[in-house]
Amino acid sequence: MKPPRSAAARRVLALWDDAEFGDRFHTKARWWSAPFAALEREVPLSGDILEIGCGHGVFSTYMALCSPSRHVVGVDIDAHKIERGVLADANLKPGEADVELRVSPSGEVPRIEGGWRAIVFADVLYLLTRERREALLAECADALAPDGLLIVKEVDTTPVLKAKIAQLQEVLATRVLRITDGDALDFPSGTELEGVVADLGLDATLKRIDRGYLHPHCVVVGHRPADG
Ligand SMILES: C[S@@+](CC[C@H](N)C(=O)[O-])C[C@H]1O[C@@H](n2cnc3c(N)ncnc32)[C@H](O)[C@@H]1O
């Protein structure tokens, strides 16, 4: 668990000051429990960045606040979260952050000319079946620009006790509280994700980013070769 330390982190949460208690609580809880600062350091500082499954858009907006040279698009299947995120981002000052949030159907990867500099997932792929997850990652690899990055953050399956705590929390969020939409609950290991990304022809590396956190957070970064 880590508090928002940087100016950009404090700013992104301040955008929610006037929001309803539930959304304010949810966005703050996401920040404290997910290693967004470490994840942001994996993302290129400039270019077109797509976040799939952006939820309320906290990480999308944070990426844009961290670097004015990033153009960030966040998409999610949950229209309520996107609506609330757009309202929060309306508090940004002109020119403060280049970010747009929009609803997009499950499995769809928006395309842009020349491809995305990076496509990011933060705790989304466990909500898809293995088949749909692999199909979506393949679509993403194809939508990257040459030299682009596919950045996939998930909660690893080891150490087992920490992973079980994280998985129980997700069962509560999806099946009991119903604050998270998704087709399935299927937790891939970091190694499995690294293998899937490598099989797509990207240079894949797996890293733990869970120091100081309760959950075993990990990130796989897949690099599409410049001539690939
Ligand atoms: C645990 S939340 C994470 C949200 C955000 N990435 C964050 O880190 O705060 C998972 C999000 O994935 C979204 N989601 C689930 N399945 C999806 C899909 N097939 N395509 C896009 N978003 C999806 C849910 O609506 C939800 O907002």
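The exercises below work through the ligand site, an aromatic pair, the nonpolar core and some backbone details of a predicted model.

Residues are numbered from 1 along each chain as its sequence is written, and side-chain values use heavy atoms, with hydrogens and water left out. Because the model is predicted, local features need pLDDT of at least 70 and side-chain atom pairs count only at pLDDT 80 or more, whereas totals for chains, interfaces and linings use all residues.

**Exercise 1. Describe the surroundings of the ligand and the polar contacts made to its nitrogen atoms.**

Start with the shell, in which a residue is included if one of its heavy atoms lies within 4 Å of the ligand. This shell holds 20 residues, and the closest are Arg30, Gly53, Asp76, Ser106 and Ala122.

Next, sort the shell by class, with Ala, Val, Leu, Ile, Met, Phe, Trp, Tyr, Cys and Pro as nonpolar, Asp, Glu, Lys and Arg as charged, and the others, Gly among them, as polar. The result is nine nonpolar, four polar and seven charged residues.

Then list the contacts, a polar contact being a pair of N or O atoms within 3.5 Å; within protein, one must be able to donate a hydrogen and the other to accept it, and residues adjacent in sequence count only if both atoms are side-chain atoms. A backbone N or O atom of Gly53 lies 2.7 Å from a ligand nitrogen, a polar side-chain atom of Ser106 lies 2.8 Å from a ligand nitrogen, and for a backbone N or O atom of Ala122 the distance to a ligand nitrogen is 2.9 Å. Finally, the protein buries 96% of the 590 Å² that the ligand exposes when taken alone, areas here coming from the Shrake-Rupley method with a 1.4 Å probe.

**Exercise 2. Classify the ring pair of Trp31 and Tyr62 and place it in the fold.**

Rings of Phe, Tyr and Trp (its six-membered ring) pair if their centres lie within 6.5 Å, and planes under 30 degrees apart count as stacked, over 60 as edge-to-face and the rest as tilted. The whole structure has six such aromatic pairs. For Trp31 and Tyr62 the centres are 4.8 Å apart and the planes stand at 80°, so the pair is edge-to-face.

Helices (H or I, at least four residues) and strands (E, at least two) are DSSP runs, numbered from the N terminus. Trp31 belongs to helix 2 (residues 21–33) and Tyr62 to helix 4 (residues 58–66), so the pair ties together parts that are 31 residues apart in sequence. Ring pairs also link Trp31, Phe36, Phe59 and Tyr62 into a cluster.

**Exercise 3. Determine which element gives the largest share of the largest nonpolar core.**

A nonpolar core is a set of buried Ala, Val, Leu, Ile, Met, Phe, Trp, Tyr and Cys residues joined through side-chain atoms within 4.5 Å, where buried means under 20% relative accessible area, exposed over 50% and partly exposed in between (1.4 Å probe, protein chains only). The largest core has 35 residues, and those with the most contacts inside it are Val12, Trp31 and Ile151. Its largest share, six residues, comes from helix 4, in which eight of the nine residues are buried.

**Exercise 4. Locate the cis peptide bond and compare two residues with positive phi.**

The bond from Thr158 to Pro159 is cis, with omega near -10°, and Pro159 lies in the loop between strand 5 and helix 7. Asp123, although not a glycine, has a positive phi of about 60° and is buried at 11% relative accessible area. Asp147, in strand 5, has phi near 75° and is partly exposed at 34%.
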